[in-house]
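Trainee: Could you go through this one with me? I keep meeting terms and would like to know what earns each one.

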Amino acid sequence: MRQALHRLTIATQRKGLVEFTRPVLTWVRGQGIATGLLTLWCAHTSASLAVTENASPEVLDDIRDSFERLVPEGAGYAHTLEGPDDMPSHIRAVLTGPQLTIPVADGRPVLGTWQGIFLFEHRSRPHRREVVLHLIGEDAYALGGETSKTA
Amino acid sequence: MRQALHRLTIATQRKGLVEFTRPVLTWVRGQGIATGLLTLWCAHTSASLAVTENASPEVLDDIRDSFERLVPEGAGYAHTLEGPDDMPSHIRAVLTGPQLTIPVADGRPVLGTWQGIFLFEHRSRPHRREVVLHLIGEDAYALGGETSKTA
Amino acid sequence: MRQALHRLTIATQRKGLVEFTRPVLTWVRGQGIATGLLTLWCAHTSASLAVTENASPEVLDDIRDSFERLVPEGAGYAHTLEGPDDMPSHIRAVLTGPQLTIPVADGRPVLGTWQGIFLFEHRSRPHRREVVLHLIGEDAYALGGETSKTA
C-alpha cells in the first residue's frame with residue numbers, strides 16, 4: 001500500500017465553476033495505483049469543490065446563478081468588511097464543501113460518464129486557489145468487480 | 001491492509017430519498033475488515049447521497065419538499081433541453097454531494113443510532129443509479145477506543 | 001501503514017458553529033503519522049460538520065442566520081412531533097453533511113490558513129455531540145511536494 005500527495009494551483013477569474021478533471025486524471029494515472037482512494041481538498045473558505053455535468057456550459061451558468069439567488073449578496077450580513085461578495089462566499093462554500101473523496105478502480109477515479117470535477121470560485125475577483133490531492137492504494141486489482149442490485 | 005470494491009445498483013421511481021443502509025452494512029460485514037474506511041460514490045449528476053433519520057417517513061417527505069422549494073423548477077434556467085426537472089437536479093446534487101466516507105470500527109460503519117444512508121433521486125422518472133463502494137482497512141482492531149471531551 | 005480511531009464529545013449550547021480544530025490537530029499530532037488521511041464523522045442527524053473562516057465570530061453568526069433563512073422553521077413540515085427546530089435541523093444537516101476527509105502532510109491536516117473545523121449544531125437546546133476520528137497513514141513522508149499549475 002502506498003500514498004502520494006500533490007498540489008494543484010487553479011487560477012480563477014470570477015464567480016463560477018472551473019473544471020479541472022483532466023489534471024486530476026493525469027496525476028492519478030502517473031502514480032501507478034490500480035485500486036485506491038483519491039481525496040481532493042480545497043484549502044480555502046471562499047471557494048469549494050463540486051461535481052456536476054461537464055457537457056453543457058449552460059449548466060455551469062445556471063448553477064452559479066442559482067447560488068446567487070440561494071445566498072444573495074447584501075442580505076443584511078454583519079461581516080461586510082471584505083466586500084459584498086465575501087460573506088455569501090463563505091456560506092456557499094459551507095453548502096458545497098471543501099472536499100471530495102473518490103474510489104479509484106483500474107487506475108482511474110470512478111467518475112460517472114457525465115461527472116466532471118470543478119473548483120467553485122465564490123469571489124468576484126481573480127484568485128489563485130490551491131487544491132491538495134492525496135492518493136492511497138496499491139498496484140494490485142481489488143476483488144469485487146461484481147454488482148449487486150438492491151431496492 | 002486490504003481493499004475491496006463493490007457496485008450497488010439502486011432502482012428509483014421518482015424524486016425522493018431511497019434508503020440503502022442494509023446492503024451497505026451487509027457488504028462491509030462480508031469483507032472481514034474490523035477497522036477501516038468506507039467510501040460511497042454516486043456516479044451521477046442528478047442523484048446524490050445523504051445521511052438522515054431513518055425512523056420517520058415524514059422526515060423524508062419533508063426533505064424532498066424542502067429541496068423543491070430551495071431549488072424550484074422553472075426558475076428561469078438556460079439549460080431546459082432535458083426537461084424542467086433536469087437543471088434543479090444538478091443544483092440539488094451539488095448541494096448534497098456525490099460521496100460519503102465513513103470510518104469502520106468493530107467491523108461496522110460508525111453510523112449513529114438514527115443515521116441511515118440514502119440515495120437522493122432528483123429526477124421525476126424512474127432511474128437505475130450506480131453507487132460504488134470502496135473499503136480499505138485491516139482485520140486488526142485499532143487502538144483508540146477512548147473518548148475525549150472537548151468544548 | 002497504520003490506523004487509529006478516536007471519539008470526541010462536543011457540548012453545544014444552542015444553534016450555531018462550535019470550533020474544534022485544536023483537539024483534532026492535537027490528536028493527529030499524537031499519532032506519529034507523517035502522511036495520511038483523516039476522516040471526521042458526526043454521528044447525528046440534527047448536527048453536521050463544516051469548514052469555514054475561524055478569524056471572525058461575525059462570520060459564524062452570519063452563517064447561522066443564513067441557514068435560518070434558507071431552511072426556515074414553520075415552513076409547513078409534516079414532521080413536527082419533536083419541536084419546530086427538529087425538521088429544519090435534518091434538512092440543514094443534509095445540506096452541510098456529516099463528514100470531512102482531510103489529507104495529512106508533514107504530520108498535520110492540510111487546512112488552509114483560515115480554515116477551521118466546526119460542529120454545526122442545528123437544535124435550539126444543549127446537546128452532547130459525538131464525532132468519530134479515523135486516521136490512516138504511515139510515518140514516512142510521501143513523494144509529491146511539487147505543485148502543478150493548471151487552468
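Mentor: Let's take the terms one at a time.

Mentor: A word on the ground rules: this is a predicted model, where local features need pLDDT of at least 70 and side-chain atom pairs count only at pLDDT 80 or more, while totals for chains, interfaces and linings use all residues. Residues are numbered from 1 along each chain, chains are lettered from A in the order written, and side-chain values use heavy atoms, with hydrogens and water left out.

Trainee: What makes a stretch of chain A a helix or a strand?

Mentor: Both are DSSP runs, numbered from the N terminus: a helix is H or I with at least four residues, and a strand is E with at least two. Chain A has three helices and nine strands by that count. Read from the N terminus, the order is β-β-α-β-β-α-α-β-β-β-β-β. The C-alpha atoms of chain A fill a box of roughly 55 × 35 × 25 Å along the principal axes.

Trainee: How do you know which residues of chain C and chain B are in the contact?

Mentor: Contact means heavy atoms within 4.5 Å. That takes in 39 residues from chain C and 43 residues from chain B. The area buried between chain C and chain B is about 3,400 Å², with 62% of that from carbon and sulfur atoms. Buried area here is the accessible area (1.4 Å probe) that two parts lose on being put together, summed over both. On the chain C side, C:Gln3, C:Trp41 and C:Val94 lose the most area to chain B, together 20% of what that side buries.

Trainee: What holds across that interface in terms of salt bridges, and how many polar contacts are there?

Mentor: A salt bridge needs a side-chain nitrogen of Lys or Arg within 4 Å of a carboxyl oxygen of Asp or Glu, and the rule finds zero between chain C and chain B. A polar contact is a pair of N or O atoms within 3.5 Å; within protein, one must be able to donate a hydrogen and the other to accept it, and residues adjacent in sequence count only if both atoms are side-chain atoms. Here 12 residue pairs qualify, both partners at pLDDT 80 or more.

Trainee: Which element gives the most to the side of chain C that touches chain B?

Mentor: That's S1(C), with 10 residues. By class, that side of chain C has 24 nonpolar, 11 polar and four charged residues.

Trainee: Why are chain C and chain B said to be related as by a three-fold rotation axis?

Mentor: Superpose them by least squares on the C-alpha atoms of residues with pLDDT of at least 70 in both. A rotation of 120° with 0.0 Å of shift along its axis puts chain C on chain B, RMSD 0.0 Å. The two copies are thus related as by a three-fold rotation axis. In chain C, the C-alpha nearest that axis belongs to C:Leu95, 3.5 Å away.

Trainee: Why is the pair of B:Phe67 and B:Phe120 called edge-to-face?

Mentor: Rings of Phe, Tyr and Trp (its six-membered ring) pair if their centres lie within 6.5 Å; planes under 30 degrees apart count as stacked, over 60 as edge-to-face and the rest as tilted. B:Phe67 and B:Phe120 are 5.1 Å apart centre to centre with 80° between the planes, an edge-to-face pair. B:Phe67 lies in helix H2 and B:Phe120 in strand S7 of chain B, so the pair ties together parts 53 residues apart in sequence.

Note on methods
Nonpolar A, V, L, I, M, F, W, Y, C, P; charged D, E, K, R; others polar.
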